[in-house]
Amino acid sequence: MSIEIRKVGVIGAGQMGGGIAQVCAASGYEVALNDISEERINAGLATINGNLSRQVTKGHLTEDEKAAVLSRIAPALSYEHFGDSDIVIEAAVESEDIKRKIFQALCPALKPSALIGTNTSSISVTRLASTTDRPEQFIGIHFMNPVPVMQLVEVIRGIATAEETYEATRVLVERLGKSLTVAEDFPGFIVNRILLPMINEAIYTLYEGVGSVESIDTAMRLGANHPMGPLQLADFIGLDTCLSIMQVLYEGLADSKYRPCPLLVKYVEAGWLGRKTRRGFYDYRGEKPVPTR
């Protein structure tokens with residue numbers, strides 16, 4: 001039996017959740033956007049408005065098209081607002097405990113046919129699905145950051161994910177204008193299994209004094225043709241997220257090559273999480289970013 005998705009719920013109005021809400025609304029879906037407070041939801045809506053305004057300025061959207069996209073996004077102050085959603089996509093912080101609590105609270109508010117997607121970038125989809133009352137209707141939908149710009153979506157089936165759930169997700173991803181790749185349910189999936197150890201190794205290179213922040217980033221930009229250096233990218237992702245993913249890889253694969261660099265741990269303990277806190281491997285508080293080491 002095919003599943004048709006018309007209305008999408010999104011949990012998390014931050015960088016990832018807001019981006020997911022924006023691309024869904026831009027593709028014609030009705031969207032309900034939730035976060036832990038009305039203030040956070042409003043901040044997410046303001047960011048979406050700013051993103052769309054830039055598209056208008058560049059001539060990619062008209063004012064009427066922008067207004068139409070915004071009209072399709074409604075604030076959801078509680079999970080009860082997801083009662084008519086066909087799929088709810090969780091885009092909360094990369095913490096298994098937090099995600100499990102969200103799913104336990106969410107399920108009673110959903111209609112029986114509703115699907116649940118998680119935007120986790122590393123955590124076992126099978127294990128998260130076991131928290132719900134519908135593991136067959138649960139799937140990993142890992143969007144890349146920033147969502148409106150990046151083309152790829154990793155789709156991850158848990159051990160119980162039904163074929164109908166996967167097919168409905170495939171249709172959703174294609175309607176969003178994204179390209180889909182299927183990953184097995186192993187720690188880090190494909191992208192972060194490869195990307196985060198590279199970033200972690202760059203941090204080790206800094207930690208061991210092989211190069212400075214600028215020299216490491218310059219080397220990878222010009223020597224490997226990367227669009228941004230690995231330390232700059234870590235700041236963009238969020239150092240707390242980088243650490244969480246490395247911990248999932250280290251614990252899940254039991255291999256010392258995935259051990260998080262102590263310098264990464266130190267920065268997170270200091271609250272220097274990158275661009276979102278205005279300090280990480282670069283200091284963003286001035287006119288231009290300045291390396292912190």
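The accessible surface of the chain in this predicted model comes to about 13,900 Å², and 52% of that surface belongs to carbon and sulfur atoms. Of the 293 residues, 46% count as buried. The C-alpha atoms fill a box of roughly 55 × 45 × 35 Å when this is taken along the principal axes, and the radius of gyration of the chain, 19 Å, agrees with the value near 19 Å that a compact globule of 293 residues would have.

The chain contains 11 helices and 10 strands. Among contacts between residues at least 6 apart in sequence, 64% join residues that are at least 24 apart. One pair distant in sequence is formed by E163 and S2, which are separated by 161 residues along the chain while their C-alpha atoms lie 9.6 Å apart in space. E163 is placed in helix α6, which comprises residues 163-175, and this residue counts as partly exposed because its relative accessibility is 44%.

With respect to charge, the chain carries 29 positive and 35 negative side chains, and the centres of these two sets lie 5 Å apart.

Helix α9, spanning residues 230-237, includes several positions that are withdrawn from the surface, since P230, L231, L233, A234 and D235 fall under 20% relative accessible area and are thus buried. The elements that cover these buried residues include three helices, namely α7 (191-207), α8 (213-223) and α10 (239-253), together with the strand β9 (282-283). The helix α9 is followed by G238, for which the phi angle is positive, near 110 degrees.

The cysteines were also examined for disulfides, a disulfide being a covalent bond between the sulfur atoms of two cysteines. With a cut-off of 2.5 Å between cysteine sulfur atoms, the count comes to zero disulfides. C24 is accordingly in no disulfide, and the nearest cysteine sulfur, which belongs to C107, is 19 Å away. C24 counts as buried because its relative accessibility is 0%. C261 is likewise in no disulfide, the nearest cysteine sulfur in this case being that of C242, at 12 Å. With a relative accessible area of 0%, C261 is buried as well.

How values were computed. Residues are numbered from 1 along each chain as its sequence is written. This is a predicted model: local features need pLDDT of at least 70, side-chain atom pairs count only at pLDDT 80 or more; totals for chains, interfaces and linings use all residues. Side-chain values use heavy atoms; hydrogens and water are left out. Buried means under 20% relative accessible area, exposed over 50%, partly exposed in between (1.4 Å probe, protein chains only). Helices (H or I, at least four residues) and strands (E, at least two) are DSSP runs, numbered from the N terminus. Contact means heavy atoms within 4.5 Å. The radius of gyration is taken over C-alpha atoms; the globule rule is 2.2 Å times the number of residues to the power 0.38. Accessible areas come from the Shrake-Rupley method with a 1.4 Å probe; for residues, only the protein chains shown count as cover. Lys and Arg count as positive and Asp and Glu as negative; His and the chain ends are not counted. The place of a charge is taken as NZ of Lys, CZ of Arg, CG of Asp or CD of Glu.
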